[in-house]
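Visitor: I'd like a close look at a single part here, please, and then a walk outward from it through the surroundings.

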Amino acid sequence: SPTKAVYNARHWNHPDSEELPGPPVVKPQSVTVRLSSKEQSQKDDGVFKAPAPPPKVIKTVTIPTQPYQDIVTALKCRKEDKELYTVVQHVKHFNDVVEFGENQEFTDDIEYLLSGLKSTQPLNTRCLSVISLATKCAMPSFRMHLRAHGMVAMVFKTLDDSQHHQNLSLCTAALMYILSRDRLNMDLDRASLDLMIRLLELEQDASSAKLLNEKDMNKIKEKIRRLCETVHNKHLDLENITTGHLAMETLLSLTSKRAGDWFKEELRLLGGLDHIVDKVKECVDHLSKDEDEEKLVASLWGAERCLRVLESVTVHNPENQSYLIAYKDSQLIVSSAKALQHCEELIKQYNRAENSICLPDSKPLPHQNVTNHVGKAVEDCMRAIIGVLLNLTNDNEWGSTKTGEQDGLIGTAMNCVLQVPKYLPQEQRFDIRVLGLGLLINLVEYSARNRHCLVNMETSCSFDSSFCSGEGDDSLRIAGQVHAVQALVQLFLERERAAQLAESKTDELIKDAPTTQHDKSGEWQETSGEIQWVSTEKTDGTEEKHKKEEDDEELDLNKALQHAGKHMEDCIVASYTALLLGCLCQESPINVTTVREYLPEGDFSIMTEMLKKFLSFMNLTCAVGTTGQKSISRVIEYLEHC
């Protein structure tokens, strides 16, 4: 019957509906065909055991026809088997979309803010734009974008006229301070550094301040204060928000390493060194006036930070060294000498070597906290002072003579070697002693006046000397003041003897080192034709014994390292002292005779041997041909002919 539904079990052979011909006209027939049960069963079996449909995805392999071509494998799908969908090409990855959005946001922000910085805009609009930009720069990600696109120089170029407006100059200095909070390169150019120096020269004028709206200025200062509280502001005085203060803090946070080698020369040419030296003088003058610990620490920190910048810009830079020596009749050297003498007095008052007193609940005493705080600031300032003086006197006769002319400086340097270390913690004594010896070597190497002054000086022998403590022979024990040469020879002999003792102890520890023992935690056994590691059961006694052996080995290693470190320190101190004595002997037979009197049997060989070891060590660790190595070689040659 034409109205009956026809079931086609083999749908894969069914043509597309578009290709099907129209339904034929069927005339009604009355013929009925009956199938036997066997034939019906065979027909059903054929329906349910039909072959699998052809795959929708076809893999094709294209064989290359040329030797330089590769085999191409492709997957194809017939159109009739594809589902309906839309193909979107060149879809970006999620991270690319986020990065594009961030870049676009940065571009929009910087274009909007830069448009507000232009000189054609009203002054209030420019100030607000600078504050908004500084707020954005408080975020490290924005600072990274700003540097990546090289926009720092462009911003400061737009603000080149800011020093003519007091409130705009304050906002510009705040922006510089925020940008300097990164440890990365600030990307300063000469124009930006010039602007910073010009902002440094601005002083608060009361008459000009009255012309401005005091209310607006206070609003700007309050915004800057809140902004600076969100960044690292250890050395910033938030109660003293001024253009000069912010510009100085920005300059002091820069070093030649962060701003590039050109920074050393440009800082001198633009007058930046002048401001830093004047700041050092100001801080040193406060050291003798400040009685409050907080003000004292602030002055010490201020001097130390300025001196660190000066130390970095004078390393291997003779132009800056000569400029600083000559500036205002050696003002830096005079201030440094005064500061070093003040620090010597303060280090005795705030003795950190005696901070072993604690309360019963193991909490430090209140005065101990103050001593640690002030004493640490004094130590850092002393190291910075000596570091600057070392650079100014290194291979520089003019600098050595000017420095040696300061009242009491050579005596203070001697005390840094012999007496000051006893007021410092044990781990800090070596540093200050070596710095003091290095300064004395620079002072006497090229200056006959300084050599004469040191030889004729009287001082106390070293605080840890057995000659003064009564541990040595009675015939060698010395009390009171001794000649400086005698004290230095004693220091050399004791350090040389201590180095030999530490070396022998280290050798003994190495010889007595335990031999490698076999692993007794198990044994190899052959089971079922295989070799396996079978661990043995450990008793409590075995585990404790094994742990004790490991602890003993670690203890022996720590002892060996301690002896090696002590040996190295003693060798360096002895070598520096021998070099100092050798410099004193140069071109002076009288000094040779004086030094020979205090040496065992009057023999210089003990000094030359130590200097040769030190020279070999320097050849391994330093570049060959440096001035230090040449000086040591010259002293060795001179002493061998004495």
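Guide: A crossing is left-handed when the near helix is turned anticlockwise from the far one by less than a right angle, and right-handed when clockwise. α13 passes α16 in just such a left-handed crossing, so let's start there. Before zooming in, note that this is a predicted model, where local features need pLDDT of at least 70 and side-chain atom pairs count only at pLDDT 80 or more, while totals for chains, interfaces and linings use all residues. Residues are numbered from 1 along each chain as its sequence is written, and side-chain values use heavy atoms, with hydrogens and water left out.

Helix α13 covers residues 272-287 and helix α16 covers residues 331-349; helices (H or I, at least four residues) and strands (E, at least two) are DSSP runs, numbered from the N terminus. Their axes come within 9 Å and cross at roughly 30° (axes are lines fitted to C-alpha atoms, for helices over the stretch in contact, with angles from 0 to 180 degrees between N-to-C directions). That makes α13 roughly parallel to α16 (under 35 degrees is roughly parallel, over 145 roughly antiparallel, 65 to 115 roughly perpendicular, and the rest oblique). On the α13 side, the contact is made by V277, D278, V280, K281, V284 and L287 (contact means heavy atoms within 4.5 Å). Facing them from α16 are Q331, L332, S335, K338, A339 and H342.

Now step back along the chain into the loop between α15 (318-326) and α16, where K328 lies. Most residues other than glycine have a negative phi. K328 isn't a glycine, yet has a positive phi of about 50°. S330, found in that loop between α15 and α16 too, also has a positive phi, near 60°, without being glycine. S330 is buried as well, at a relative accessible area of 2% (buried means under 20%, exposed over 50%, partly exposed in between, with a 1.4 Å probe and protein chains only).

What does K402 touch, leaving aside its neighbours within four places in sequence? S330 again, along with I325, D329 and I333. K402 lies in helix α18 (residues 397-404) and is partly exposed, with a relative accessible area of 22%. The C-alpha atoms of K402 and V334 are separated by 9.0 Å, although the two are 68 residues apart along the chain.

From α13 you can also head over to α10, which spans residues 243-252. 10 of the 10 residues of α10 are buried, so that helix is largely enclosed by the rest of the structure. The buried set includes H245 and E249 as well as L246, M248 and L252. These buried residues pack against α6 (166-179), α7, α9 (214-228), α12 (262-269), α13 and α14 (293-314).

Of those partners, take α7 (residues 190-200): α7 and α10 pack at an angle of about 135°, with their axes 8 Å apart. That makes α7 oblique to α10. Here too the crossing is left-handed, with α7 passing α10. L193, M196, I197, L199 and L200 of α7 make the contact with T243, G244, A247, M248, T250 and L251 of α10.

On to the nonpolar interior. A nonpolar core is a set of buried Ala, Val, Leu, Ile, Met, Phe, Trp, Tyr and Cys residues joined through side-chain atoms within 4.5 Å. The largest such core holds 148 residues, and L175 and L310 touch the most other members. Helix α17 (residues 366-393) supplies the largest share of this core, 12 residues. L175 is in contact with V130, L133, A134, C137, V155, F156 and L159, leaving aside neighbours within four places in sequence.

Further down the chain, H567 sits in helix α24 (residues 540-585). H567 touches A499, A502 and E503, not counting residues up to four places away in sequence. H567 and E496 are 71 residues apart in sequence and 9.3 Å apart in space, C-alpha to C-alpha.

Then there's helix α25 (residues 589-598), whose buried residues are N591, V592 and V595. They cover an arc of only 105° around the axis, which puts them on the same side of α25 (the arc is that of the directions from the helix axis to the C-beta atoms). The face turned away from that buried side carries the exposed residues P589, I590 and E597.

Zooming right out, the protein has 27 helices and 6 strands, and 41% of its 642 residues count as buried. Among contacts between residues at least 6 apart in sequence, 72% join residues at least 24 apart.
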